Amino acid sequence: MNTKEYTFCSLFKDPVIDDQPEVIIGEIEIPIIQRDYAQGRTTDEVKQIRSRFLDALFNSITRNKHITLDFIYGNLSENKGKTVLTPLDGQQRLTTLFLLHWYIAKKENIDSEQYEFLSHFSYATRFSSRDFCHELVKYTPDFSNEKLSEWIKDQSWYPYEWKNDPTIQSMLVMIDAIHEKFNSQKNLWQFLTNNVSFYFLSLPEMKDTDDLYIKMNSRGKPLTPFEHFKAEFEEIIKKHSKELSKEINHKFDVEWTRMLFPFCDNDNIIDYKFMRYFHFVGDIICYRSEIDLEKDEFKLVQSLYGKENEKAEENIEYLKGSFDCWYNINNIEDFFNKFFSNDEYESDKVKLYQHSLNIFKECCDGELTLGKTLLLFSINTYLLHKDKVSENEFRKRIRIIRNLIWNSSSEIREERMKTLLSESEIVILTGNIPMTDTGFNVWQKKEEHEKIEWLKTNPQMEDELFHLEDHSLLKGCIAAIGLENVDNFKKFRSLFNKCNRDLINRALLSIQDYSQFVSSWRYQIGVKNGSDSVWINLFHPTSQREHFDKTSIALNSLLSKLDELEINDEGLKQLIDKYLNNPEIQKDWRFYFIKYDSIRRGGYGMFYWLDKTRTKKPYEIIMMNTEKSLTGRNWNIFLYTLYNLYNLSEFKHKLFLGDFYFQGNKLKIIGEDIEIDCLNDKYTVSQNGSITEYPIQQSNGIDIDDRIEKGIEILNNIIKNEE
C-alpha cells in the first residue's frame, strides 16, 4: 500500500504508484456517478460539517501545523496521454481544497505558474460544473466584497442558468465561508501547500469505474452524523492509545448500543439517545473543569478528550465508566423502581414527584434541568463506587441529595455547578454534608445535618420522618413542622391529604396572622384546593420571604389543637365557627379574610397593603390576581366582596366594578352616577359631584362595625332613595 502523503499541489507533481515513477496525475475529474458537491449545502447538519472542516484547516494553516485528511481513493486511467484520477472517495475534501487553494492564490497574488495545477481539476457530473471550475481559475475576485459569491454571479462569464446547478451553488456557499474565515489572514500559501496532506490509494483497475463506485458505496446511503462522530472520536482516542480506541469502538458498536436499545423510539436508532447522554457526561466534565459548555459534539470531543487537554485520559476513563456503569446493570428500569417512588410514599424508597422514575431515560430523551443533572450525576457516582457505598447508604444519601436539589432552586445555577457537583459527590461517597455557602441552600444543608444527628437518637422515627419529607408540599424540607414537633408529623400528612385547603387557610388565620411578607412589598397566605405551589412556597424558608416563623408557629399550633380523629373538614369548621361566633373577637383584617369567601378568591393568595406596615391603614388592602405584578386584575377586597354579595341578591339594581383598582375604578351602580369607595375608616359615596362620608366605628384603629354589613346597609339606602 502507498503510505506516502500528498498535498493537493504535489498530487500533480509526484508519482502516485511506488514502482512506476512515470505515473503522475495530469487531471482530476469528479465522475458522473458521483453526487454533487455537498459541503456547501445550507442544512444545519452540513453547516456544522463545513464549520468543523474549515476550523481544522484554519488551525493548521495559520499555526503552521501539519494536518492529514486521511485517504483519498481513486481510479487511474489514461486519456490523451495524461493520467486521469477519478476520485471514488474524497471528492468533497478535494473540492474544498481546490476552492481554498484558488482563494489564497488569488488573494495573495501568487504567480500563476504556482497554481496552474488548479486548471486540471474539473467535474464530469455536469458541463456547467466543469466550466465553472475552469472559469474560476482565470479570474481574481474583488476581495472587498463581503460575499464573493455576489461578485462571481455578477460576472459576464457566469450565465444565469448556473443557478440550477447544485454543485456550483454549493461551491459559492463554500467560497463565502472561506472568505469569512480567511479574509483577515496573510502569507498562507506556503503553509497551505506544505501542511495539508492526505494519503492516496489507487484502487485495482476495473473495466467499469461506475461498478467500482457502486461496490464501494454498497450501503446505499451516506454516513450519518453519528457515524462521522464515531469515526472522529475513534481517531482522537487512537492518539492516546490504539488499544483503548479499539476497546471504546467495540463498546460503541456492541455493549453501549445494547444498553441503549431498549430506550429507542420506533425507528430503533440509538444515535440521538447516545449523543444526549454523551453530552450529559461532557457537561459534567466541563462544569468540574470550569470549561465552557460546548454544544457541538465534535468540538466537545477535541476539547475534553484531545491530546491538548492535560486531563484527557482521565476524562476518557470517566466517560467510559459513566457508560459502563449503566451497561453493568441488568435492567435499568428495575434499578430506578428499586430505589425511587413516584407519587406515593414507599418505605425504603425516595419519592421523585413524577410518574416516570427513569432519570437515565429522561436524559437520553432530552435535555435535563440542572437539578436533574445533579441527581443523575449523584446516581452515577454511586454506580461508579458501588464497592465503597452500600445500597442502604445510597438510599439515605440519595434522599439527602433529593432534599437538597428540591430545596435549592435559587442556588442551582450554572456558575455554581462545580461546587454543587462536588458537594453531591461528597454526600454520596461519605454521607457528610459540606456546609459551604456557595453550593446548595445553606438552610437545607443545616436541616439535613440536624436530621442525621436526630436519627442517631431517634432511629425508630426514621420511617415517620421520611414519610413526612416525601409529602408533596414539603419535598424534603420539614422546617415548617420541625424535628421538635414529632407528634405533628402524621397530623400534617392527615391535614393536607384529607382536608379542604380553604378551611385549612381559614383555620390557620383564626389562630394568628401567619402571612409571609414577600420581596418586601406584598403578603401571601394559603389558597384553595388545587394550588399546591402557594403552599409549597409558604412551607419553604427563603431570604425572599419574611415571617416564615409565624407560619410555622400557626401550623404547629393548629395541629396541636386537633386530635387525630378531629383532622377533617368538620373539625376545622368547628374551630372557624368558634372564632367567628366569639362576641369579643376583634374585627381586624383576619376576621374579614376568614368570614368572607370573596376575599380569598385570588389564585396566588397575594395581597397588597397600601400601608406596607399594616399599622396605620390596615384595611386598605388590594387582592392581587397575579403572583408578582399589580398591573393585572386587582381589587379593593371590600368593594370586591360587596360587588359579589350584592349582585347575588334579588335587587334589580346591579353593580359594576372595574378590573384595575389602581386606575381609579370604584364600585358603581349601573345606570346611576354614583361611585362608592372603601377607605381605612370609612366609606365614601360620590354622587353628582358631591362626596358623602360614612364613618366605620372603630376602637384603637380596629373595626367595631362589620364593614361589609355596613357597606350593604349603605348600598340599600342609596338604592332605596334612588327608587
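Analyst: Helices here are DSSP runs of H or I with at least four residues, strands are E runs of at least two, and both are numbered from the N terminus. Take Asn64: you'll find it in the loop between helix H1 (44-62) and strand E3 (67-79). This is a predicted model, where local features need pLDDT of at least 70, side-chain atom pairs count only at pLDDT 80 or more, and totals for chains, interfaces and linings use all residues. Residues are numbered from 1 along each chain as its sequence is written, and side-chain values use heavy atoms, with hydrogens and water left out.

User: How many helices and strands are in the protein chain?

Analyst: The protein chain has 27 helices and 21 strands. Its radius of gyration, taken over C-alpha atoms, is 38 Å, while the globule rule (2.2 Å times the number of residues to the power 0.38) gives 27 Å for 723 residues, so the chain is more spread out than a compact globule. The C-alpha trace spans about 120 × 70 × 45 Å along its principal axes.

User: Which stretch has pLDDT under 50?

Analyst: pLDDT is the predictor's confidence in each residue, from 0 to 100. In this chain the average is 89, and 93% of the residues score at least 70. The stretch you want is residues 205-221, where pLDDT stays under 50. The model has 23 contacts beyond four places in sequence for residues 205-221, a contact being heavy atoms within 4.5 Å. Where pLDDT is low, don't read the predicted coordinates in detail.

User: Back to Asn64. Is it buried, partly exposed or exposed?

Analyst: Buried means under 20% relative accessible area, exposed means over 50%, and partly exposed is in between (1.4 Å probe, protein chains only). Asn64 has 45% relative accessibility, so it counts as partly exposed. Its phi is near 55°, a positive value in a residue other than glycine.

User: And what is phi of Arg614 near?

Analyst: Phi of Arg614 is near 60°, again a positive value in a residue other than glycine. Arg614 sits in the loop between strand E12 (606-609) and strand E13 (621-624). At 13% relative accessibility, Arg614 counts as buried.

User: What percentage of the 723 residues count as buried?

Analyst: In the protein chain, 51% of the 723 residues do. Try Phe336, in helix H13 (residues 332-339): its relative accessibility is 0%, so it is buried. Leaving out residues up to four places away in sequence, Phe336 touches Trp326, Leu357, Asn358, Ile359, Phe360 and Ile379.

User: Which residues does Tyr103 touch, not counting residues up to four places away in sequence?

Analyst: Tyr103, found in helix H2 (residues 91-107), touches Phe143, Leu148, Ile178, His179, Phe182 and Asn183 on that count. Tyr103 is buried too, at 1% relative accessibility. Now look along the chain: Tyr103 and Phe440 are 337 residues apart, and their C-alpha atoms are separated by 54 Å.

User: Where is Asn488?

Analyst: Asn488 is in helix H20 (residues 488-498). With a relative accessible area of 3%, Asn488 is buried. Beyond four places in sequence, Asn488 touches Ile481, Asn556, Leu559 and Ser560.

User: For the whole chain, what share of contacts joins residues at least 24 apart?

Analyst: Count contacts between residues at least 6 apart in sequence: 64% of those join residues at least 24 apart.
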